[in-house]
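Colleague: Please take a close look at one part of this model for me, the helices towards the end of the chain. I'd like the geometry, the contacts and how far to trust them.

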Amino acid sequence: MKHSKQLFMHYTTVWARLLQQAAGSPDVATYLLTHDARTPLFYLEAITRVLMNADQDEKKMARLNAQFKALEDGFGMMDYYTGLIKDFKTVKLPEFQQNLGTHLIIATAHMNTLLEKYGWLTSAKGEATNNQDKSKDNRALEDIQKVFQKIDWPSDKDLHKLLKKIYKSRIAELKLQLKEPLKEVEQDVHELRRDVRWLSIYPQAFKGFVNLKPSDPMPEAFAKYATEAIVQSPYNQLPEVEGIKHVLYMNTHAYYAMSWLIAELGELKDQGLRVLALTEWLEEHKKLSASQAQQAAVMIIGGDQMGVDKLLGKAKDIVNQIRTDKVFAQLLA
């Protein structure tokens, strides 16, 4: 069996197994979120993102990708409000906390609806009382199995060429994107991080097809990126897989720098979304101006919380550093 098909089947099976485990839960979406169901969806989305750029079966892959993206986005919204509720747990604003709780309920209901829509569950609770009902619960899995049996899966050699083509294309796009001004947290910082992050998700999804190849000695400019947290990160441990001969190699030092960029932008994104959520609520419910609301939000959150302008300024500095060190120009070994 071709490795691309094997990987797709594996992640689909992991996702389906999680759904089976969630079937007895009164809230399937929450069960799935708390049991890391986003990970196999990320990998399925990654595989279909890549393969829908192939000449064959583009439409089939695009349809599957749209479904996996919708499901992953649904979990992303749940995760967003779950994180905010945790961040503001000790803040003495019960009305704001209640507002966040309401948004989480809505996001959870939406996710359960998506699971029904795509046929992964026959009800939001996922109840199955007999074998016939259980077969209905697996309708989406059966449909996908029928689809991928008809797909002309690429050979390892063709997949290698496709991955190389996509990395070259995305690197070229990112070089231009890094020159764009960062004016907003969501539209600019968060979007940039998402786009860069896919280059680190593909190696996880296509296990064995992408690996690290160091260029010794480490350039002095790259030493600052190779922190212990980055080097030891499980996402940067890319295994060699027996039987895969066509491997796309990344420059280890540049890959660590890219991972560092993702982590740094992630921290700024989290801070930004946190302060914006409270700012918007204070504007609406406390009738403060935008500047007054943000100043109040920064004070309420406390700690090392920065205002949006300072966050964007720091993001610009980070991006300029990555550009100066020509990280993406050196990513492909």
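**A closing stretch of helices**

Modeller: Happy to! Let's begin with helix α12, residues 290–301: at 1.5 Å a residue its 12 residues should span 16 Å, and its end C-alpha atoms are 16 Å apart, which agrees. The expected span is 1.5 Å times one less than the number of residues, and helices here are DSSP runs of H or I, at least four residues long, numbered from the N terminus. Bear in mind that this is a predicted model, where local features need pLDDT of at least 70 and side-chain atom pairs count only at pLDDT 80 or more, while totals for chains, interfaces and linings use all residues. Residues are numbered from 1 along each chain as its sequence is written, and side-chain values use heavy atoms, leaving out hydrogens and water.

After α12 comes G302, with a positive phi near 70°. On either side in sequence lie α11 (residues 252–286) and α13 (residues 308–324), which pack at about 170° with axes 10 Å apart. Axes are lines fitted to C-alpha atoms over the stretch in contact, and angles run from 0 to 180 degrees between N-to-C directions. That makes α11 roughly antiparallel to α13, a label for angles over 145 degrees.

In the contact (heavy atoms within 4.5 Å), α11 contributes residues including W260, L261, L265 and L268, which meet a set in α13 that includes V308, L311, I318 and I322. The residues of this contact divide into 12 nonpolar, 3 polar and 2 charged; Ala, Val, Leu, Ile, Met, Phe, Trp, Tyr, Cys and Pro count as nonpolar, Asp, Glu, Lys and Arg as charged, and the others, Gly among them, as polar.

As for trust, pLDDT is the predictor's confidence in each residue, from 0 to 100. Confidence is highest in α13, at a mean of 98, and lowest in α6 (residues 131–137), at 45. The chain averages 92, with 95% of residues scoring at least 70.

How values were computed: Helix = DSSP H or I, 4+ residues; strand = E, 2+ residues; numbered from the N terminus. Parallel < 35°, antiparallel > 145°, perpendicular 65-115°, else oblique.
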